[in-house]
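Reader: I am new to this structure. Please take one strand and look at it closely, along with what surrounds it.

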Amino acid sequence: MNTESLAGKHAVVTGAGRGIGAATAAALAQAGARLTLMGRNRAQLEAQAGKLEAQVHVEVCDVSDPAQVQRAFAGARAALGEVAILVNNAGQAESQPFARTDLGLWERMLAVNLTGTFLCTQAALPGMLGAGWGRIVNIASTAGLKGYPYVSAYCAAKHGVIGLTRSLALELARKNITVNAVCPGYTQTDLLEASLAQIAQKTRKSAAQARAELARANPQGRLVEPQEVAQAVLWLCLPESAAINGQAIAVAGGEV
């Protein structure tokens, strides 16, 4: 791949301070993009920015808050120009049996995973339409392609992300803007570590036993690495990927 294939493109990555978001930001920077890193933790964002050999801007933002999203995207445009690439990566997962899934948990899962994707896309899209070019990649999950027990609210939100992806892709198909979803399986991130702690606490299994159980869900018998997800995102952002639109691509070793 041409290491400057995205030169001059302004890419926004949400949830960029760690995990898949940080790996994606690094991959886009290596391809020549200018980056705005968004997330809730300024220290994490600035630490990640310091690792990138690219022009980088940082915006602290809770993607579920409309006012914060508008402010953050205004700051991003002022710093680096209109957004050409948007990676909606910010997300959160919580588990409970359905009978104990209260309205607060349900609304948190929808707010961060689905409404956040909606708000950020609405903020970035006018600039893409004006430029006549854009790439939107939504980080969904295999939980958007199938069901898992004890995470009904999370699964519902991620299914919603994929529905949004497919609908918007058709709406923009003649605008030279593509919209796709990447659906990781269990991936080695801080979010997974928190899930492992929850599983261990609720099932009395050790963290190692819980990790092995999740790895078995992948036919390759392992956890996915953030860099593997980032490479799928990068591919979808390339100019040469213009025919890939409305897809939900699993990065899960064959699980789905």
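Author: What follows starts with one strand and then moves outward to its surroundings.

First, the ground rules. This is a predicted model, in which local features need pLDDT of at least 70 and side-chain atom pairs count only at pLDDT 80 or more, while totals for chains, interfaces and linings use all residues. Residues are numbered from 1 along each chain as its sequence is written, and side-chain values use heavy atoms, with hydrogens and water left out.

The strand is E6, residues 177-184. Helices (H or I, at least four residues) and strands (E, at least two) are DSSP runs, numbered from the N terminus. Eight of the eight residues of E6 are buried, so the rest of the structure largely encloses the strand. Buried means under 20% relative accessible area, exposed over 50%, and partly exposed in between (1.4 Å probe, protein chains only).

Take the two faces in turn. In a regular strand, side chains alternate between the two faces of the sheet. On one side of E6 sit Ile177, Val179, Ala181 and Cys183. On the other sit Thr178, Asn180, Val182 and Pro184. Both faces are covered.

Now the partners. Two strands pair if DSSP finds at least two bridges between them. E6 runs parallel to E5, and six bridges join the two. Glycine 134 stands opposite isoleucine 177 here. E6 also pairs with strand E7 (residues 248-251), again in the parallel sense, over four bridges. In that pairing, valine 182 stands opposite isoleucine 249.

How does the chain get from E5 to E6? The two strands and helix H5 (residues 152-171) make a right-handed β-α-β unit. Right-handed means that, with the strands pointing away from the viewer, the path from the first strand over the helix to the second runs clockwise.

Two residues of E6 deserve a stop. One is valine 182. Leaving out residues up to four places away in sequence, valine 182 touches Val137, Asn138, Ile139, Ala140, Ser141, Val229, Ala232, Val233, Leu236, Ile249 and Val251. Contact means heavy atoms within 4.5 Å. Valine 182 also belongs to the largest nonpolar core, which has 35 residues. Such a core is a set of buried Ala, Val, Leu, Ile, Met, Phe, Trp, Tyr and Cys residues joined through side-chain atoms within 4.5 Å. Valine 182 is among those with the most contacts inside this core, together with Leu6, Leu28, Leu35, Leu37 and Ile85. E1, H1, E2, H2, E4, strand E5 (134-139) and H8 each give two or more residues to this core. H8 supplies the largest share, seven residues. Apart from this core lies another, of 23 residues, including Val12, Ala72, Ala123 and Met128.

The second stop is cysteine 183. Its relative accessibility is 0%, so cysteine 183 counts as buried. The closest cysteine sulfur, in cysteine 155, is 12 Å from its own, too far for a bond. A disulfide is a covalent bond between the sulfur atoms of two cysteines. The test used here is a pair of cysteine sulfur atoms within 2.5 Å. A search of the whole structure finds zero disulfides.

Next, follow the chain out of E6. A loop leads from E6 to helix H6 (190-203), and threonine 189 lies in that loop. Threonine 189 has 13% relative accessibility, so this residue counts as buried too. Beyond its neighbours within four places in sequence, threonine 189 is in contact with Gly19, Ile20 and Pro226. Glutamate 225 is 36 residues away in sequence, yet 8.0 Å away in space, C-alpha to C-alpha.

Those contacts lead to H1. Helix H1 covers residues 19-30, and nine of its 12 residues are buried. Among them are Ile20, Thr24 and Leu28. The buried residues of H1 pack against E6. They also pack against strand E1 (10-14), strand E2 (34-39), helix H2 (42-49), strand E4 (85-88) and helix H8 (226-237). Just after H1, glycine 32 takes a positive phi of about 100°.

Notes. The expected span of a helix is 1.5 Å times one less than its number of residues.
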